[in-house]
Amino acid sequence: MNVFFLDVDKAKLLGRLNLRSQSEGRADDADISAVEKRFDEYMTKTAPVKEYFETQNFLTHIRGDQSEDAEESKQSVHREILAKLGVK
């Protein structure tokens, strides 16, 4: 079993959310208190699940901040996932 985890620095995520709020008009991404609440929820609900999969050796880390360009980053992440799966 493989569980993929995208490693991305919080500051970069905040920057991406800010850009998305501007380009897509997402009010929830523009509201810093809403964004912080989502990060807090991640830490209390998702992080423990991540830790479980890590202790079971099922977790595969993927660098999620490979490029500033969203499309290029998406393609890089996709290639890295395929490589980790042994797919060419």
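Helices (H or I, at least four residues) and strands (E, at least two) are DSSP runs, numbered from the N terminus. This is a predicted model, in which local features need pLDDT of at least 70 and side-chain atom pairs count only at pLDDT 80 or more, while totals for chains, interfaces and linings use all residues. Residues are numbered from 1 along each chain as its sequence is written, and side-chain values use heavy atoms, leaving out hydrogens and water.

Let's start with the aromatic rings. Rings of Phe, Tyr and Trp (its six-membered ring) pair if their centres lie within 6.5 Å; planes under 30 degrees apart count as stacked, over 60 as edge-to-face and the rest as tilted. The whole structure holds two aromatic pairs, listed here.

| Pair | Centre to centre | Angle between planes | Class |
|---|---|---|---|
| Y52 and F53 | 5.4 Å | 65° | edge-to-face |
| F53 and F58 | 6.5 Å | 55° | tilted |

Together, ring pairs join Y52, F53 and F58 into a cluster. Y52 is partly exposed (20% to 50% relative accessible area, with buried under 20% and exposed over 50%, using a 1.4 Å probe and protein chains only), at 46%. F58 is partly exposed too, at 27%.

Two lysines meet rings as well. A charge sits over a ring if NZ of Lys or CZ of Arg is within 6 Å of the ring centre and within 35 degrees of the ring normal. The charged end of K10 sits over F39, 4.8 Å from the ring centre, and K50 lies over the face of F5, at 4.8 Å from its ring centre.
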